[in-house]
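These are my notebook entries on one protein and the small molecule held with it. I set down what I looked up, entry by entry.

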Amino acid sequence: MRNSEKKAEIAIIGGTGLEEFVKDAETIRLGTPYGVSPQIFTTMLHGRKVAFLPRHGVHHAIPPHKINFRANIYALYSLGVKRILATNAVGAINPKFKPADLAVPHDLIDFTKFRKHTFYDDAPVTHIDFSQPYCPQIRHLLIENAKKLYPHVQTRAVIVCTEGPRFETPAEIEMFRRLGCDVVGMTSSPEAVLARELEMCYATICYVSNMAAGIQKELSTKEVHTIAEQVMPILQKILIETVRVLPQKRDCPCAKALTQARFGNK
Ligand code: HPA
């Protein structure tokens, strides 16, 4: 494949059920310093080259704690991607959130344990500012488009990311509730921070598939699947519309994330 054909401007990282981005798409796997990426699909949406990366693999075979987040984000970076729109399934901790709601998180708490969470293990020592973990420009557009297309949109949410693959205990969820978390998932971290470390914009729109452990009686992947099937067509529309209206110019701090992140500034 020639270099010019490999380029993409925007990426969508999602779970299964976003077939629109896969049909008629070219597929590639890229080698990175962190390992080989899973299959990435590239396609044109509204005249823009978009890369779609299913983070669990095409057949949903990669569990959350085994996702190679660094290879995924680095592969998109090397394709030239500057903006990432993500989706995640989440359980609701906040009782005001309900199954089949959409939520656009504004903040994140990382409770993962064993993940490679940075590109900067060596010099130059790099401390990325994460005061605004999600790109404000993309968040705004996701919220606007979601509200136009769907009645149940939570426009702010603190998301907590757990290691998985098991669901949480009721006591863990009660602790997260007291910490101010609204939703819980297993895939939001370190995806968002790795994107910021490479100065890529990143925001996510989540769908609530269940009330979290202890709030409803028991949890099953079946209900995650059922809600996913229900909301995916609308989520797909929201993502495509967001790609359509995303201005070329990045009007956010993400693009300059490394400027103030290093001692001596380099
Ligand atoms: N916990 C963690 N991850 C999830 C959940 C949950 O309740 N629902 C969907 N993904």
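Entry 1, terms. I take helices and strands as DSSP runs, numbered from the N terminus, with at least two residues for a strand. I also note that the model is a predicted one.

Entry 2, the shell around the ligand. I asked which strand gives the most to the shell around the ligand. Strand 7 does, with three residues. I found that strand 7, strand 12 and strand 13 each supply at least two residues of this shell. I listed the residues around the ligand as A89, V90, G91, F167, E168, V184, G185, M186, S209, N210 and L219. Sorted by class, the shell holds six nonpolar, four polar and one charged residues.

Entry 3, polar contacts. I looked for atoms of the protein that pair with nitrogen atoms of the ligand. A polar side-chain atom of E168 lies 2.8 Å from a ligand nitrogen. For S209, a polar side-chain atom lies 3.4 Å from a nitrogen atom of the ligand. In A89 a backbone N or O atom takes part, at 3.4 Å from a nitrogen atom of the ligand. I then looked up the ligand's surface: taken alone the ligand exposes 260 Å², and the protein buries 95% of that.

Entry 4, the pocket. Where does the ligand sit? I found the ligand in the largest pocket, which holds about 700 Å³ of space. I recorded 32 lining residues, of which H56, H60, A89, Y207 and V224 lie nearest the centre of the pocket. By class, the lining has 15 nonpolar, 14 polar and three charged residues. Strand 7 (83–92), strand 12 (183–185), strand 13 (201–211) and helix 6 (221–245) each supply at least two residues of that lining. The largest share, six residues, comes from helix 6.

Entry 5, backbone. I reminded myself that most residues other than glycine have a negative phi, and that most peptide bonds are trans. I then looked for exceptions. A cis peptide bond joins A123 and P124, with omega of about -5°. P124 lies in the loop between strand 9 (107–111) and helix 3 (136–149). I found a cis peptide bond between G164 and P165 too, with omega of about 0°. P165 is placed in the loop between strand 11 (158–162) and helix 4 (170–178). Lastly, H46 is not a glycine, yet I read a positive phi of about 50° for H46. H46 belongs to the loop between strand 5 (40–45) and strand 6 (48–54).

Conventions. Residues are numbered from 1 along each chain as its sequence is written. This is a predicted model: local features need pLDDT of at least 70, side-chain atom pairs count only at pLDDT 80 or more; totals for chains, interfaces and linings use all residues. Side-chain values use heavy atoms; hydrogens and water are left out. On a 1 Å grid over the protein atoms alone, a cavity is a set of points where a 1.4 Å probe fits but cannot get out, and a pocket is an open set with protein on both sides within 12 Å along at least five of seven lines; lining residues have an atom within 4 Å of a point. Grid points are joined across faces, edges and corners, and a volume is the space filled by probe spheres set on the points. Helices (H or I, at least four residues) and strands (E, at least two) are DSSP runs, numbered from the N terminus. Ala, Val, Leu, Ile, Met, Phe, Trp, Tyr, Cys and Pro count as nonpolar, Asp, Glu, Lys and Arg as charged, and the others, Gly among them, as polar. A residue is near a molecule or strand if one of its heavy atoms lies within 4 Å of it. A polar contact is a pair of N or O atoms within 3.5 Å; within protein, one must be able to donate a hydrogen and the other to accept it, and residues adjacent in sequence count only if both atoms are side-chain atoms. Accessible areas come from the Shrake-Rupley method with a 1.4 Å probe; for residues, only the protein chains shown count as cover. A molecule sits in a cavity or pocket if more than half of its atoms lie within 2 Å of its grid points.
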